[in-house]
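Good morning, colleagues. Please have the sequence and the model open before you, as I shall refer to both throughout.

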Amino acid sequence: MFEAALNITYELGFEYCGFIMGSNALYRPNRSIHLNNYPDEWNKIYKTENYFEIDPLVVHCKRDVLPLVWEEKTFSAVPDMWAHVQAQGLNFGWAQSVHDFRGFFSMINLGRRKGPVQAHELYEKAGQVLPWRRKPTAWGRLSSAPPNSPAARQRSCNGRHWAKLRLISPQFSAYRNVPSVFTSAVR
């Protein structure tokens, strides 16, 4: 599954892909799963410095489903982390998450060495990322969920949420006859 995500990552013009899956629920232990193709040195630094607890991308994605572009001001509260990120070649990218009804979240980060993420690029590519950023929390659950199950209702609810915000892919919006406007998600 991750190999397929990497292939899509490369097709979208990015070099790095990272998934983080975790829980926001108070009654669940604070454990998370990390899958990525980041440089080994960055993974060591991330773990040693305990960046997961203060990573502004994780903090944002735990509470919000709108995309967040990697830039210096995003890391203003943790400038040493930004310096480490830059030193490892993770210079440009964006993070985005999805939440489920049980308090789980999954987030995807797409990164590259050259070329900042532009609003038009985010608009064009986010629609291709949306379906597979859901995969980590959905493996073995949502895809096989009966039509009236809580998981299926949540999937439907998430689709309505994006439609309300008009943050949906051009392909989906054409099918559903809903205008697709993604520029409001760029902060």
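Strand 1, residues 16-23, runs antiparallel to strand 5, and eight bridges join the two. Within this pairing, Gly18 has Asn109 of strand 5 as its bridge partner. I should say at once that this is a predicted model.

On its other pairing, strand 5 is joined to strand 4, residues 92-99, again by eight bridges and again antiparallel. Here Trp94 stands opposite Leu110 of strand 5. Strand 4 and strand 5 form a hairpin with four residues between the strands, and in that hairpin Gly103 adopts a positive phi near 95°.

How many of the nine residues of strand 5 are buried? The count is eight, across residues 104-112, so strand 5 is largely enclosed by the rest of the structure. As a general remark, the side chains of a regular strand alternate between the two faces of the sheet.

Let me place these strands in the overall fold. The protein comprises eight helices and five strands, and from the N terminus their order is α-β-β-α-α-β-α-β-β-α-α-α-α. There are 187 residues, of which 48% count as buried. Among contacts with a separation of 6 or more, 60% are between residues 24 or more positions apart. The exposed area is about 10000 Å², with carbon and sulfur atoms supplying 55% of it.

I turn now to helix 3, residues 56-63, where Leu57 is found. At the start of helix 3, a side-chain oxygen of Asp55 comes to within 2.9 Å of the backbone nitrogen of Leu57. Is Leu57 buried or exposed? Its relative accessibility is 5%, so Leu57 counts as buried, the cut-off being under 20%. Beyond its neighbours within four places in sequence, Leu57 is in contact with Leu68, Trp70, Thr74, Phe75, Ala95, Met107 and Asn109. For Trp70, the C-alpha to C-alpha distance from Leu57 is 8.1 Å, at a sequence separation of 13 residues. Asn109 will be familiar as the bridge partner of Gly18.

Leu57 is one of several buried residues in helix 3; the others are Pro56, Val58, His60 and Cys61. What do the buried residues of helix 3 pack against? Their partners are strand 1, helix 2, strand 3, helix 4, strand 4 and strand 5.

Next, the nonpolar cores. The largest has 22 residues, and the members that touch the most others are Trp42, Tyr46, Met81 and Met107. At least two residues of this core come from each of strand 1, helix 2, helix 3, helix 4 and strand 5. A second, separate core of 15 residues includes Val69, Trp94, Val117 and Val129. In soluble globular proteins, nonpolar side chains tend to be buried together.

To return to the largest core, Trp42 is in contact with Tyr51, Met81, His84, Val85, Gln88 and Leu90, leaving aside its neighbours within four places in sequence.

Finally, I draw your attention to Lys125 in helix 5, residues 119-133. With 16% relative accessibility, Lys125 counts as buried, because the cut-off is under 20%. Which residues does Lys125 touch, not counting those up to four places away in sequence? They are Leu12, Gly13, Phe14, Trp94 and Arg112. Trp94 thus appears here as a contact of Lys125, having already been named as a residue of the second core and as the residue opposite Leu110.

Methods: Residues numbered from 1 in each chain as written. Predicted model: local features only at pLDDT ≥ 70, side-chain atom pairs only at ≥ 80, totals over all residues. Heavy atoms only, no water. Buried < 20%, exposed > 50% of the residue type's maximum accessible area, 1.4 Å probe, protein only. Contact = heavy atoms within 4.5 Å. Areas by Shrake-Rupley, 256 points an atom, 1.4 Å probe, with all protein chains shown as cover. Pairing = 2+ DSSP bridges. Core = buried A, V, L, I, M, F, W, Y, C linked by side-chain atoms within 4.5 Å. Polar contact = N/O pair within 3.5 Å; in protein donor to acceptor, adjacent residues only side chain to side chain.
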